[in-house]
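Work through the exercises below with the sequence and the 3D view open. Each task is followed by a solution in steps.

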Amino acid sequence: MSNKPIIFSGMQPSSGSLHIGNYIGALTQWVEMQETFDAYFCVVNLHAITVPQDPAELAARTRLTAAQYIAAGIDPEKSTLFVQSHVPAHTELAWVLNTITGFGEAGRMTQFKDKSQRHGSDKSSVGLFTYPMLMAADILLYQANTVPVGEDQRQHVELTRNLAERFNSRYGHTFTIPTPQIQKETAKIYDLQDPESKMSKSAASEAGLLSILDDPAVTTKKIMRAVTDADGEIRFDRENKPGVSNLLTIFAVLSHRSVESVQNEFAGRGYGDFKKALAEIVAETFTPIRNRTNELLDDPAELDRILFTAAERANATANQTLNTVYDRVGLLRR
């Protein structure tokens, strides 16, 4: 039994390749945290089906996402890296949490409101509405102390805390109350073509995404075409120079330097030189990850073995929590 604090986090398999925002905002943080936490990292494929998916693509992307976790440094010997659908307790606990969540409370979740307004209520599934309760189940099953998430997920973690406190108050202490760990603002990565918007897999154009599995030539082309501005000065100014500031952030994070150091190195030089140097650093970072991902995908039996072994560990922990919940609520167990 580990005495380390517990973390839980995950990403949806919603595209073929993770992008640099996922890498900087989540994966690098997870790799560090697995050294000091009892870490559970999940490919949240149940969340993915809240919107229509091609079944074959979803299955392939689930394995691909897990392979990229490992290739980026998540060690299956140090962390429990598993697929959400391999642990039935996630959906079972989600149902119990649904029953203690107010309809108005769920309706106030800004992500649901934004997506349902954008696509219309008739095209928004009940699954999308109950997404936050499934996320709460993901976290609470493992008694997580800390949940590393982006700012856009803060409200969902707050709901998780409220539901845990409500359950504990009604049925006795059952759940650890988790604390969100929000990624640092300095590491927020924006779209290369729309540097006012966060880099996202749902972006309107692939040109704005720096994907981990892109060929280096594709990456270079995207960086060379990244939006900057007309004044030609390489200077960090988030408000007035969002494009240049975004590229400076990426350069600084990947080279483990301060933004000021990078800015000073390229003072008086053109955007072309700066972008070429950035393209080289991105290629140096992602080439070994891409190669390792391909190795894992070339041996699907071994990848499945890793995931199935982790799922056994995750099931053991999750079922222990779920059994306690069922007993407290009065649900008969087999």
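Helices here are DSSP runs of H or I of at least four residues, numbered from the N terminus. The model is predicted.

**Exercise 1. A pair within one helix**

Task: Locate Glu-158 and Arg-161, then classify their contact and their exposure.

Solution:
- Step 1. Glu-158 and Arg-161 both sit in helix α8. They are three residues apart, about one turn of the helix.
- Step 2. A salt bridge requires a side-chain nitrogen of Lys or Arg within 4 Å of a carboxyl oxygen of Asp or Glu. The closest N and O atoms of Glu-158 and Arg-161 are 3.9 Å apart, and the two form a salt bridge.
- Step 3. Buried means under 20% relative accessible area and exposed means over 50%, with partly exposed in between. Glu-158 has 33%, so Glu-158 is partly exposed. Arg-161 has 23%, so Arg-161 is partly exposed.

**Exercise 2. Salt bridges between distant parts of the chain**

Task: Find out which parts of the chain are linked by the salt bridge of Asp-304 with Arg-63, and by that of Glu-206 with Lys-222.

Solution:
- Step 1. Start with the principle: side chains of opposite charge can pair when their charged atoms come close.
- Step 2. For Asp-304 and Arg-63, the closest N and O atoms are 2.9 Å apart. The pair joins helix α13 (residues 300–329), which holds Asp-304, to helix α3 (residues 55–71), which holds Arg-63. The two residues are 241 residues apart.
- Step 3. Check exposure. Asp-304 has a relative accessibility of 16%, so Asp-304 is buried. Arg-63 is partly exposed at 35%.
- Step 4. For Glu-206 and Lys-222, the closest N and O atoms are 4.0 Å apart. Glu-206 lies in the loop between β5 and α9, Lys-222 in helix α9, 16 residues apart.
- Step 5. Check exposure again. Glu-206 is exposed at 51%, whereas Lys-222 is buried at 10%.
- Step 6. Extend the pair. Glu-206, Asp-214 and Lys-222 are linked in a network of salt bridges.
- Step 7. Take the total. The count of salt bridges comes to 16.

**Exercise 3. A residue in a loop**

Task: Is Leu-210 buried or exposed, and which residues does Leu-210 touch?

Solution:
- Step 1. Place the residue. Leu-210 is in the loop between β5 and α9 (216–224).
- Step 2. Apply the cut-off. The relative accessible area of Leu-210 is 1%, so Leu-210 is buried.
- Step 3. List the contacts, leaving out residues up to four places away in sequence. Leu-210 touches His-19, Ile-20, Leu-192, Met-199, Thr-219, Lys-222, Ile-223 and Ile-250.
- Step 4. Probe the separation from Asp-231, which is 21 residues along the chain from Leu-210. Their C-alpha atoms are 24 Å apart.

**Exercise 4. Two parallel strand pairs**

Task: Which strand pairs with β4, and which with β1? Trace each connection.

Solution:
- Step 1. β4 (residues 146–149) pairs with β5 (residues 179–182) in the parallel sense, over four bridges.
- Step 2. Follow the chain. From β4 the path passes through helix α8 (residues 154–171) to β5, and this β-α-β crossover is right-handed.
- Step 3. Match residues across the pair. Thr-146 has Thr-179 of β5 as its bridge partner. Val-147 stands opposite Pro-180 in β5.
- Step 4. Look at the side chains of β4. Thr-146 and Pro-148 point one way, Val-147 and Val-149 the other way, and all are buried.
- Step 5. Turn to β1 (residues 6–11). Five of its six residues are buried.
- Step 6. β1 pairs with β2 (residues 38–43) in the parallel sense over six bridges. The chain crosses through helix α1 (residues 20–33), and this β-α-β crossover is right-handed.
- Step 7. Met-11 has Val-43 of β2 as its bridge partner.

**Exercise 5. The whole chain**

Task: How many helices and strands does the chain have, and how compact is the chain?

Solution:
- Step 1. The chain has 13 helices and five strands.
- Step 2. The radius of gyration is 21 Å, close to the 20 Å that the globule rule gives for 334 residues, so the chain is as compact as a globular protein of that length.
- Step 3. Along the principal axes, the C-alpha atoms fill a box of roughly 70 × 45 × 40 Å.
- Step 4. Of the 334 residues, 49% count as buried.
- Step 5. Take contacts between residues at least 6 apart in sequence: 75% of them join residues at least 24 apart.
- Step 6. The accessible surface comes to about 15,800 Å², and 50% of this belongs to carbon and sulfur atoms.

Note on methods
Residues numbered from 1 in each chain as written. Predicted model: local features only at pLDDT ≥ 70, side-chain atom pairs only at ≥ 80, totals over all residues. Heavy atoms only, no water. Pairing = 2+ DSSP bridges. Right-handed = clockwise from strand over helix to strand, strands pointing away. Buried < 20%, exposed > 50% of the residue type's maximum accessible area, 1.4 Å probe, protein only. Contact = heavy atoms within 4.5 Å. Rg over C-alpha atoms; globule rule 2.2 N^0.38 Å. Areas by Shrake-Rupley, 256 points an atom, 1.4 Å probe, with all protein chains shown as cover.
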